[in-house]
Amino acid sequence: MPIDLKSDAVGPVDVAVVVFEGNRFNGEIAPALLELQANGTVRVLDLALVGRSPDGSVDVVELEDARLTEAFGPVAGARFDLLSDKDLHAVADSLAPGSSALVMAWENSWATRLATALRQSHGEMVLLERIPREDVERAIASLDEQ
């Protein structure tokens, strides 16, 4: 289904690669993504599952494939291709044999209003960085020690 987007009204877009050692992907991520999309936190724009078999062969499964549509179809009802075949094969090539990865692109819908205001104010985001989970855990632990 085509998606009707205007570039000046789109929030920040992120891409995430989640690796599953031993191909232990089970689809339990789908309900969490559905919830985030339903409450307006994110809008899933593209999604694919890539894998490297123990013999080294690569498998790329995109959302149109029945294997993913069953679990993730409702998540990305309106989507467009942000993840190229080249990108997906690069992810697959980086995987250890017998592993898989879920590759997701989503719009941070929660930040759309702020992103639009920044653009209209001629502001430019010059740094955006995620703080590693381990650093957050250390900071929380240090609060407990005080």
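## Contacts of L118

Leaving aside neighbours within four places in sequence, L118 is in contact with G123 and M125. The residue is found in helix α4, which covers residues 112-120. L118 counts as partly exposed because its relative accessibility is 32%, a value that lies between the 20% limit for buried residues and the 50% limit for exposed ones.

## Model and confidence

The structure is a predicted model. Its chain has a mean pLDDT of 84, and 90% of the residues reach 70 or more. Confidence is highest in helix α3 (residues 85-94), with a mean of 93, and lowest in α2, with a mean of 72.

## Overall architecture

The secondary structure of the chain consists of five helices and four strands. Read from the N terminus, the elements follow the order β-α-β-β-α-α-β-α-α. Of the contacts between residues at least 6 apart in sequence, 79% join residues at least 24 apart.

Buried residues account for 32% of the 146 residues in the chain. The accessible surface amounts to about 9500 Å², and carbon and sulfur atoms contribute 56% of that area.

## The sheet

The four strands form an open sheet in the order β1-β4-β2-β3, and their pairing is antiparallel. Strands β1 and β3 (58-62) stand at the edges with a single partner strand each, so one side of each is left without a neighbour in the sheet. On average, neighbouring strands of this sheet are turned by 15° against each other, direction ignored. In general, strands of a sheet pair through backbone hydrogen bonds, in either a parallel or an antiparallel manner.

Strand β2 is joined to β4 by nine bridges and to β3 by five bridges, both pairs being antiparallel. V50 illustrates the two pairings of β2: the residue stands opposite A101 in β4 and opposite V60 in β3. The hairpin of β2 and β3 has five residues between the strands, and in this hairpin G56 takes a positive phi near 95°.

## Nonpolar cores

The largest nonpolar core has 16 residues, and those with the most contacts inside it are L33, L47, L68, F72, L102 and M104. At least two residues of this core come from each of β1 (13-20), α1 (29-38), β2 (43-52), α2 (66-72) and β4 (99-107). A second, separate core comprises ten residues, including L83, V91, A92 and L95. Nonpolar side chains tend to be buried together in soluble globular proteins.

L47 touches L33, L68, F72, L102 and M104, among other residues, and these five are also listed with L47 as having the most contacts inside the largest core. Not counting residues up to four places away in sequence, the contacts of L47 further include E62, L63, L83 and V103. Of these, L83 belongs to the second core.

## The loop between α4 and α5

H122 lies in the loop between α4 and α5 (133-145). Which sign does phi of H122 have? The angle is near 65°, a positive value in a residue other than glycine. Most residues other than glycine have a negative phi.

Is H122 buried or exposed? With a relative accessibility of 75%, H122 counts as exposed, because the limit for that class is over 50%.

Notes
Residues are numbered from 1 along each chain as its sequence is written. This is a predicted model: local features need pLDDT of at least 70, side-chain atom pairs count only at pLDDT 80 or more; totals for chains, interfaces and linings use all residues. Side-chain values use heavy atoms; hydrogens and water are left out. Buried means under 20% relative accessible area, exposed over 50%, partly exposed in between (1.4 Å probe, protein chains only). Contact means heavy atoms within 4.5 Å. A nonpolar core is a set of buried Ala, Val, Leu, Ile, Met, Phe, Trp, Tyr and Cys residues joined through side-chain atoms within 4.5 Å. pLDDT is the predictor's confidence in each residue, from 0 to 100. Two strands pair if DSSP finds at least two bridges between them. Axes are lines fitted to C-alpha atoms, for helices over the stretch in contact, and angles run from 0 to 180 degrees between N-to-C directions. Accessible areas come from the Shrake-Rupley method with a 1.4 Å probe; for residues, only the protein chains shown count as cover.
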